[in-house]
Every structure is written in C-alpha cells, then in structure tokens.
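Work through the exercises below with the model open. Try each task before reading its solution.

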Amino acid sequence: MYITTFYSFKGGVGRTMALVNAAVILALRGRRVLVVDFDIEAPGLDTFDVLQPRDEVPGLINFVADYVMSGESPDVADYIGNCPDIGEEGGGLWIMPSGKSDTYAATLGQINWIDLYNYRDGYVLFEDLRKQWWEALRPDYVLIDSRTGHTDSSGICTRQLPDSVIILFFPNEQNLRGLTQVVRDIRAESDGPRDKSIALHFVMSNVPDLDDEDLILKDKISAFKQELDLKRDPMVVHRYDSLSLLNQAVFSKDRPRSRLTQEYSHLVQEIIARNWKDREGALEYIRRARGHIRWLEDNSILTHVQSLEKIERSHQEDGEVLYRLAKLKETDRESEAAAQLINQAIHHGYDLPDAYLMRARFRNESNELIGAEEDAWRVLDSKHVTPPMVREAARILAGLGKSEPERLIKSNAVSSLNLNGKARLAETYNRSRDQLLIAVALWEPIVAFPDLGSGMRSRSRHNLGLVYMGLGQCAKAAKLFRKPNSKVAEMGIIDAFNYGMACWGADGIIHRDIFERAVEIDQSDNDNFETAHYFQCMAIAYWATGEIDIALDKTSKSQKSITDRRTMSEFSCWRYLQVDAETFESDLNEIREMIEKNEIRKPAFLVEVDPK
C-alpha cells in the first residue's frame, strides 16, 4: 500500500481534479485504489460520477467523531464505499468520503483536532486507520485529498500518513511564500523521530498555455526551484478550456487521448516510479537509474543503494525485476552482486537469452568454464537473438575454444541473422586459426550469394581473402584481392599490398611490381593511415621494392605507434591475425631483422602450412 497526498497551499489549482484523474488512471492500469476525502472544509470527491459509492456510507469525519464518542477505533470498512467497476485489468476504486452530507456540519463541529492529537491519541488513531485500510481492502494506492493552507492539523495528510506528497501550485508569489514552510516541514520528517522520508512531486497547475515572450514563467520557475530547492523543473498541468469540466468530466476515462490526460498520466508515472512495491514502479526506477537520470526531487529521499535494496526485497521472486537489477549492478561495476542477482533471476523464471548471456559472461570471468559454455550455447540455440548478443556469445565460445563451427553455423541464432549480421559476426573471428575456420564457414556463403550489393560484395571478398591468408591458402586469397581482368596499376593500396603478399605466399616469389603499386600510393596520398598495422605493411612493401632505409623507418613508426597508443591488440600482416601487443611487437622485430639482413623469410602465416 502506497499513500500519496494531493496538497495545495491555495485552492483553484485543480488539486481534486488531478487526484480523481490519477485514481482512474491507476484503476485502469489494474491497481486497487482507495481515495480519501480529507478536504473537510470543502469536501466533494463523491460528487464525481466515477467516485460515487454504490451505497451511501459515512466518511472520515464520522470515523473520527465515533472514535471521540467511544474512545475506540471503529471498523473502517463501515466508512468506505465501493465505486462502480472500472477498466478490464482487475483494478478497482473505493472511496472514504468526508462524511454524510445531511449531518456534515454538525459532525465536523464536534471534532477539535488539536484536542484529538494532544489528549485523545489522535496520532495512534490515524496509524490504526492506515493499518485498517490495508486489512480491509489491500489497496495498491491510497490517494488523499488534503486540506489547503496550513490547516493540515499535526501534518496528518502531509507528514504522518503519506509516502509521497503531490504539491500543486499556481506559480505566483503567494503560493511560493506559503509553500516554503510546508515543504520545509515535510522534509524535516527525515531527520525527525519518525525518520520518515517522504517523496515530493511538484506540479505547476492551471498554467496558461501561452508564449513566454517576457520570460515571466521562466523567472517564476527559477524562483520556485531556488526557494524550494528543486532539482529539476516542476511538472506542468496546463489550463484546459473545456465546458466539460463544468460537469466534472474525468478526462482520463472519457477522453484518454487528450493532452490533459497525458499530463495526468505523467504525474501518475512519477508516483508509480517512487513506489518500490509496485512492479512497474520498480522497473521504472531501475530504468531511470541505468540512464543516470537525475530525477529525484528531494534530498530526503532514500539513498540510491537503499532504494535498490528495497526493490530487491519487494520483488525477490520476480525474475525480470531481478534481471534488471543485475544489469544495473553490472553497469555500476558491482560484478559479484550482479552475478548473484542473475542467478536468482534465471531461477525465478527469467530464462530469456539476454539473461543467459549475462550469466555466461560472469561465469567466464570467474572461470566457471563449463557453465559459461552451456549458457553461451543456450543463447545461440535461441531464436530472436539480436546480432550483438550473437557476437558476444560466439566470442565467449571462441575464447573457450568451444566454437564447434558446424554447430555454430546451424544454430538458431546465427541462422536467423541477415547477411550483414553474419558478416559482422564473421569479422570477429580473426584471433586464431581455429577461429578462421569458423570465419571461412560464414564468409564463403556470403561471397557466393548471387544478389550482393557492390559494397557488401567488396567487403565480403576482402575479408574472406584475409581469412584465406591467415590459413595459408594464398592462391585462393589472390583471386579475391584482384578482380578479374583488372590491372595492378588500377588497384588500391590495400588490395595491392594484400595481393602482393598473397602472390608471395602462393609461389614463393616477391613480386616487386605489385608492391611498387602500394608504395606509389603511399608516397602520393597525404591521407594515409597512421596505425601500427599500416606502418608494418608499408615496411614490408618498401623492403620488397628495395627501399631499405624507408622500410626501417616504417618499422620504427610502427613500434612507436603501438607503444604510444598503448594498443591492446592489433592486426598483424605477418600472420594475418588480430594479435596482442606483445605478439605484434615480436612480428615487427622479425620483419625488422629480415629488412636489416635483406633476406627473404617465410611469414608466420605460411609456417607449417601447405598453401593451396
């Protein structure tokens, strides 16, 4: 049960109308809602058609008056009426009106609120009232329509009962002056003996929908934010000119697509997002926290950590909530907590691929290798898996040496990828010869696809050529790097270099004319790449054309690049694999020694390989 009070310092801001619409929206969303009319000087909740109980019942002041007469707390069920059914999602509305209309004034006159609190245990009475609400109805939400001004005796509506308070105001000096002390008192509850944190939501209401050419509204908002210490702009409910309001039309029920309903819906969403026990609220809080949205309006609110703990306790058997918490903990780099939560999420039925992928990641990091492998395959055997998830699951298996190329290619997840998705997956398999076998199995069907666009065809031929090179199948690679009937002099620098390396690997001969094409472009192009890999390639190209000094200079630049940029990995043309920095430097040293001695050496991609 989550209690929210709707409060305004002055009348005429549409407080009651906002409460009624909020109650209807919550009920339409399947919530059980009790509305309580505590605006005892000007009651009227039960004048709305949707809140008229089926049978007339006494109300709040009758409940209090009967307590004063008997000294015992009455049964609250006798003072609450069931409203007409609403919605189809299981929601419901109940009302505790202010009191019977025919004896209202006399009954109200019997109650001395100060005496009630000071001498008749009024505080205990309202604590019992709260308890009885829960026992009688099990409501999800209780919405209280509060008295205005400073007449909320002992803070019953704004401090004792609520979990949150909606403060509606028209942005003028009168409201600002009046709200300052009220807000201060509510916030003080967190430091008082009750240690109670109350969420505050600020809503500018009845605001004219006009151009703010003179920045009047902007200045007023700034004043309210400064004086009331608001962390963001207040929500807004604009003035809505419709004669339907004279009939107390409930727009959220009768005109659900209107702007007014949308503004009330925004208000409801803010209420829900602060109610940890509401599943939707818990998920909304986690979503906002993951986006690092600074949406909390008040410093007295429970800390972020406490809020998450409360969500976890309230939803400890809800798999999706536990999964979202795990994602948040992972984002916050709390891996141990995230790992525990994802196990609980799966145990409680959240068995979607994204959960297994997260657990595979954690298991892999903690050396639970068998479990990591099982979870990764669960992802790939699933349907409707996003391409990034497929790539990550495949990378985990590759790192474990458990890729099983044929099983991978036939898996539901990989089979469902489009050509571009399969191409991006294939590009990740370039760190070992075993991975290259998987890449071949992915690339060859793509290259053979009859209706490839020119861009995809060029990309797939190039990448398949690189894979063939890494496997030492240089003759196959050469056919891909050089288009049929094309001339070397027409080749780009990348194709020219790779074609030269492929021909070297295929027939054991350094084809100087091919490497000269790469050198020619390097010398004439001012927009060359400046990566360790590029300088490594150019070192070989210049050496092949007899430019020893320039070749050595290129090796030095390659070494400097890998050192300065602190690159974790780099593609090495000496073995046509993505390698770690240490392996790259080892390859570069071998190339440097080959250049210094000016002797032909077999590149690493050809060692112990029978090129075909």
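**Exercise 1. Which residues of α22 are buried?**

Solution. Start with the ground rules. This is a predicted model, in which local features need pLDDT of at least 70, side-chain atom pairs count only at pLDDT 80 or more, and totals for chains, interfaces and linings use all residues. Residues are numbered from 1 along each chain as its sequence is written, and side-chain values use heavy atoms, with hydrogens and water left out.

Step 1: fix the terms. Helices (H or I, at least four residues) and strands (E, at least two) are DSSP runs, numbered from the N terminus. Buried means under 20% relative accessible area, exposed over 50%, and partly exposed in between (1.4 Å probe, protein chains only).

Step 2: list the residues. Met456, Ser460, Asn463, Leu464, Gly465, Leu466, Val467, Tyr468, Met469 and Gly470 are buried in α22.

Step 3: find the packing partners. These buried residues pack against α20 (419-426), α21 (433-448), α23 (474-481) and α24 (493-507). Contact here means heavy atoms within 4.5 Å.

Step 4: check the span. Helix α22 covers residues 454-470, has 17 residues and reaches 25 Å from first C-alpha to last. That is close to the 24 Å expected at 1.5 Å a residue. The expected span is 1.5 Å times one less than the number of residues.

Step 5: look past the end. Glycine 472, just after α22, takes a positive phi of about 80°.

**Exercise 2. Repeat the analysis for α16. What covers its buried residues?**

Solution. Step 1: get the span. Helix α16 (residues 369-380) has 12 residues and reaches 17 Å between its first and last C-alpha, close to the 16 Å expected at 1.5 Å a residue.

Step 2: list the buried set. It holds Gly371, Ala372, Glu373, Asp375, Ala376, Trp377, Val379 and Leu380.

Step 3: name the cover. It includes α15 (353-365), α17 (387-400), α18 (405-410) and α19 (412-415).

**Exercise 3. Describe the overall form of the protein chain.**

Solution. Step 1: count elements. The protein chain has 28 helices and 10 strands.

Step 2: apply the globule rule (2.2 Å times the number of residues to the power 0.38, with the radius of gyration taken over C-alpha atoms). The rule gives 25 Å for 612 residues, and the radius of gyration is 36 Å, well over that, so the protein chain is more spread out than a compact globule.

Step 3: take the extents. The C-alpha trace spans about 110 × 55 × 50 Å along its principal axes.

Step 4: check burial and contacts. Buried residues are 52% of the 612. Of the contacts between residues at least 6 apart in sequence, 68% join residues at least 24 apart.

Step 5: tally charge. Side chains number 76 positive and 96 negative, and the centres of the two sets lie 4 Å apart. Lys and Arg count as positive and Asp and Glu as negative, while His and the chain ends are not counted. Each charge is placed at NZ of Lys, CZ of Arg, CG of Asp or CD of Glu.

**Exercise 4. Arginine 333 and tyrosine 576 each have a positive phi. Place both, and classify their exposure.**

Solution. Step 1: recall the background. Most residues other than glycine have a negative phi.

Step 2: take arginine 333. Its phi is about 65°. It sits in the loop between α13 (319-331) and α14 (335-347). Its relative accessibility is 77%, so it counts as exposed.

Step 3: take tyrosine 576. Its phi is about 55°. The loop between β9 (569-572) and β10 (577-580) holds this residue. Its relative accessible area is 1%, so tyrosine 576 is buried.

**Exercise 5. Valine 268 and alanine 282: what is each in contact with, leaving aside neighbours within four places in sequence?**

Solution. Step 1: valine 268. It lies in helix α10 (residues 259-273). Its relative accessible area is 0%, so it is buried. The contacts are Ala22, Ile25, Leu26 and Arg29.

Step 2: alanine 282. It belongs to helix α11 (residues 279-290). At 0% relative accessibility it counts as buried. The contacts are Asn275, Trp276, Ile311 and His315.

Step 3: add a distance for each. Valine 268 and valine 142, 126 residues apart in sequence, are 13 Å apart C-alpha to C-alpha. Alanine 282 and serine 403, 121 residues apart in sequence, are 38 Å apart C-alpha to C-alpha.
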